[in-house]
Amino acid sequence: MGHDPQSDIPWEAFRYVAGEMDSQEQQQFEDRLLSDQSLREALAHAVELTEAVALVACELQPLEVARPNRRRRNWAKVAIASALAASVAIVAASWFRHHQQQPEPVVAVHPSSSDPAYNLAAVAMTWTQLRQAERQQPADDLHELPSLHDWAEAELDSELDTELDPDAVAFETLNDVELTVPAWLIAAAEVGVLPTEESPN
Amino acid sequence: MHDNRERTTQEVDIREPLDPAEIAALYLEHGGELRRFILGVVRNRELANDVLQATFAKAVERGHESRAETRKAWLFRVALNEALVYKRRHQSHLKATAHLARSDRSADAPEDSVVRGETVEKVRAALASLPPEQRQVVCLRIYEDKPFADIAQQLQIPLGTVLTRMRLGLQKLRARIESEDK
């Protein structure tokens, strides 16, 4: 019904290249290759297209593949924030103990570290002190450890690199590929005899 | 017998063997496409190079028996015959190395690359312009080398839909590349 068999040639060639034909179909395809130059050229084209897609497809991952990265980034943020909060709590607890024990040895009753009010106060105080210390620190010291913002920046940079410079080396190499006549062929043509089974390179 | 000899002398362009410059020109003009074609048949880069060499060895030896205007088709036919012989001879090895999509492209020497730089550039642009659902199937099938059935299962869509998306995606890629060639 108006079906143009020619339009199926590229699809058939792709299926052959991709190994999507059963042995009988494959045999039939090869039989047709013996007499159909357009089918041969379609096959060469399918190989090139397949190879090229395989080379560049990694740059264009679909959303489903990209999502885990975002999730991972969110989890990383949560993990870092949790670790920071825990560190602050520990530092605050030791600081509180230290300062309460030294100047006021007479005080017999220390607030328990399991007391929520005590912990909240410790965290609040330590946070304030850390913020103040941070403001007083020289700028260089601030960059000793990556902040959450740095992590995000680093990830963005690497993504940016991938986008701006995809396969930089490979692509350069491919661009440089000029088909040159191999030495074995020149030698064979000059002598006019069948070359031995040497590597074509 | 006599008739046959007469027809042979009429049909075959009896000349001296092709000179090195003609062979080199043939290689430069058709070598790349032939290598891709052969690779499509044998699905193994090393074997493809061997077959290409054997093909041009035949061209050195008997290329002059073909007519200049049909020499490309002659080369392809020789390449196919050689490729099929090699393929049968190395069947077990070829099965072990699996198919084309799984072969290690990154290990290619530049001269063995079957993809031209400009094609990569065109495919990159064409792939980006595909509708996401088609690009997704194309990438999963070719880049991740997943069988269509697995893709259908992963995306929870009918197999027919996967095939349609793949087919449309390839059509668009091809059309885009060809339109840029013109």
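In this predicted model, the loop between α2 and α3 (45-62) of chain B holds B:Arg43. Although B:Arg43 is not a glycine, its phi is positive, at about 55°. B:Arg43 has a relative accessible area of 12%, and because buried means under 20% relative accessible area, B:Arg43 counts as buried. One residue in contact with B:Arg43 is B:Ile38, which also touches B:Ala48, B:Val51, B:Leu52, B:Thr55, B:Ala79 and B:Ala83 when residues up to four places away in sequence are left aside.

A second loop of chain B, the one between α7 and α8 (148-155), contains B:Asp145. B:Asp145 likewise is not a glycine and has a positive phi, here of about 60°, and with a relative accessible area of 14% B:Asp145 is buried. Helix α7 (residues 132-143) of chain B is the place of B:Gln134, a residue that counts as buried at 6% relative accessibility. Leaving out residues up to four places away in sequence, B:Gln134 touches B:Arg165, B:Leu168, B:Gly169 and B:Lys172.

The relative accessible areas of these buried residues of chain B are set side by side below.

| Residue | Relative accessible area |
|---|---|
| B:Arg43 | 12% |
| B:Asp145 | 14% |
| B:Gln134 | 6% |

The contacts of B:Ile38 lead on to the nonpolar interior. The largest nonpolar core has 74 residues, and those that touch the most other members are B:Phe37, B:Ile38, B:Val41, B:Phe56, B:Met166 and B:Leu173. The largest share of this core, 11 residues, is nevertheless supplied by α3(A).

Chain A has nine helices and zero strands, so that, read from the N terminus on, its elements follow the order α-α-α-α-α-α-α-α-α. Of its 201 residues, 26% count as buried, while the area that chain A exposes comes to about 13,200 Å², with carbon and sulfur atoms supplying 57% of it. Where contacts in chain A link residues at least 6 apart in sequence, 52% of them join residues at least 24 apart.

Within chain A, helix α2 (residues 23-33) can be followed in some detail. Its buried residues are A:Gln26, A:Phe29, A:Glu30 and A:Leu33. Seen down the axis of α2(A), these buried residues fall within an arc of 100°, and they therefore line one face of the helix. The buried residues of α2(A) pack against α1 (9-17) and α3 (37-56) of chain A, and also against α2 (20-42) and α4 (71-89) of chain B.

How far can the model of chain A be read? The mean pLDDT of chain A is 61, and 33% of its residues reach 70 or more. Among the elements of chain A, α2(A) has the highest mean pLDDT, at 94, whereas helix α7 (residues 148-164) of chain A has the lowest, at 34. Over residues 137-177 of chain A the pLDDT is below 50, and this stretch has 30 contacts in the model beyond near neighbours in sequence. Residues 103-111 of chain A also stay under 50 in pLDDT, and for them the model has five contacts beyond four places in sequence. Where pLDDT is low, the predicted coordinates should not be read in detail.

Terms used. Residues are numbered from 1 along each chain as its sequence is written. Chains are lettered from A and ligands numbered from 1 in the order in which they are written. This is a predicted model: local features need pLDDT of at least 70, side-chain atom pairs count only at pLDDT 80 or more; totals for chains, interfaces and linings use all residues. Side-chain values use heavy atoms; hydrogens and water are left out. Buried means under 20% relative accessible area, exposed over 50%, partly exposed in between (1.4 Å probe, protein chains only). Helices (H or I, at least four residues) and strands (E, at least two) are DSSP runs, numbered from the N terminus. The arc is that of the directions from the helix axis to the C-beta atoms. Contact means heavy atoms within 4.5 Å. Accessible areas come from the Shrake-Rupley method with a 1.4 Å probe; for residues, only the protein chains shown count as cover. A nonpolar core is a set of buried Ala, Val, Leu, Ile, Met, Phe, Trp, Tyr and Cys residues joined through side-chain atoms within 4.5 Å. pLDDT is the predictor's confidence in each residue, from 0 to 100.
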